[in-house]
Every structure is written in structure tokens, then in C-alpha cells.
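Hello,

Here is the structure I said I would pass on. Have a look at it first, and then read on for what turned up in it.

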Amino acid sequence: PGEYTTAEFCRALSAHEEIGANLSTGVSDFLRACDERKFSAAPQSSPPSATPHALELINLAEARRIQLQKSATKIPGKP
């Protein structure tokens, strides 16, 4: 109770405009792939590393954070 399923979390994530579609989609795809691996009936002989994908998501999140900060500090009418 009180915890989201992956599908619920992905819906909640996509509902937040501040997060952005690119990051929301990336995180959702990553979580779904993790679920597939975790709950798959057939074990994989050598599972792929999630680290590179996770680092990519961190970079996307940092870029989005910077973008939001810049937007918040812009003075209307000035580039």
C-alpha cells in the first residue's frame, strides 16, 4: 500500500510537465525494461548492464534541471 506500480509511476511521471517528455519517456522505458528482466520466466545468460542507461538518464535530468533554472531566471522580453 502506498507504493506505485511501474505503470502508475510512469503515468504520474508523464503528468508533470516540468520533467519533460524526453526524460519521462527515458525513465519509463528504463523501468519497463528492468521489470521485463526481473519478472521474465527465462533467465538471461548475461544480462546487459543498466549502468550506462542510468547514467544517461542522470545526464538528461541534469540538463532538464539547468534548462528549468535558466527559464526561471529569464527576464520577460530579454533573450
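**Arg-64 and its surroundings**

The side chain of Arg-64 comes within 3.2 Å of the backbone oxygen of Glu-17. Please keep in mind that this is a predicted model. Arg-64 itself sits in helix 3. Setting aside neighbours up to four places away in sequence, Arg-64 touches Glu-17, Glu-18, Ile-19 and Gly-20. There is also a long-range pairing to look at: Arg-64 and Leu-23 are 41 residues apart along the chain, yet their C-alpha atoms are separated by 7.9 Å.

**Helix 2 against helix 3**

Leu-23 brings us to the helix pair, since it is one of the helix 2 residues that meet helix 3. The two helices, residues 21–39 and residues 51–73, pack at an angle of about 160° with their axes 10 Å apart. Angles over 145 degrees count as roughly antiparallel, so helix 2 is roughly antiparallel to helix 3. Their crossing is left-handed.

Which residues meet there? From helix 2 they are Asn-22, Leu-23, Gly-26, Val-27 and Phe-30, and from helix 3 they are His-53, Ala-54, Leu-57, Leu-60 and Ala-61. By type, this contact has seven nonpolar residues, three polar ones and no charged ones.

**Ser-24**

Another residue of helix 2 to look at is Ser-24. Is Ser-24 buried or exposed? Its relative accessibility is 6%, and the cut-off for buried is under 20%, so Ser-24 counts as buried. Beyond four places in sequence, Ser-24 is in contact with Leu-13, Ser-14 and Ile-19. Ile-19 also appears among the contacts of Arg-64.

Best wishes

Conventions. Residues numbered from 1 in each chain as written. Predicted model: local features only at pLDDT ≥ 70, side-chain atom pairs only at ≥ 80, totals over all residues. Heavy atoms only, no water. Helix = DSSP H or I, 4+ residues; strand = E, 2+ residues; numbered from the N terminus. Buried < 20%, exposed > 50% of the residue type's maximum accessible area, 1.4 Å probe, protein only. Contact = heavy atoms within 4.5 Å. Axes fitted to C-alpha atoms, helices over the stretch in contact; angles between N-to-C directions. Parallel < 35°, antiparallel > 145°, perpendicular 65-115°, else oblique. Left-handed = near helix turned anticlockwise from the far one by under 90°. Nonpolar A, V, L, I, M, F, W, Y, C, P; charged D, E, K, R; others polar. Polar contact = N/O pair within 3.5 Å; in protein donor to acceptor, adjacent residues only side chain to side chain.
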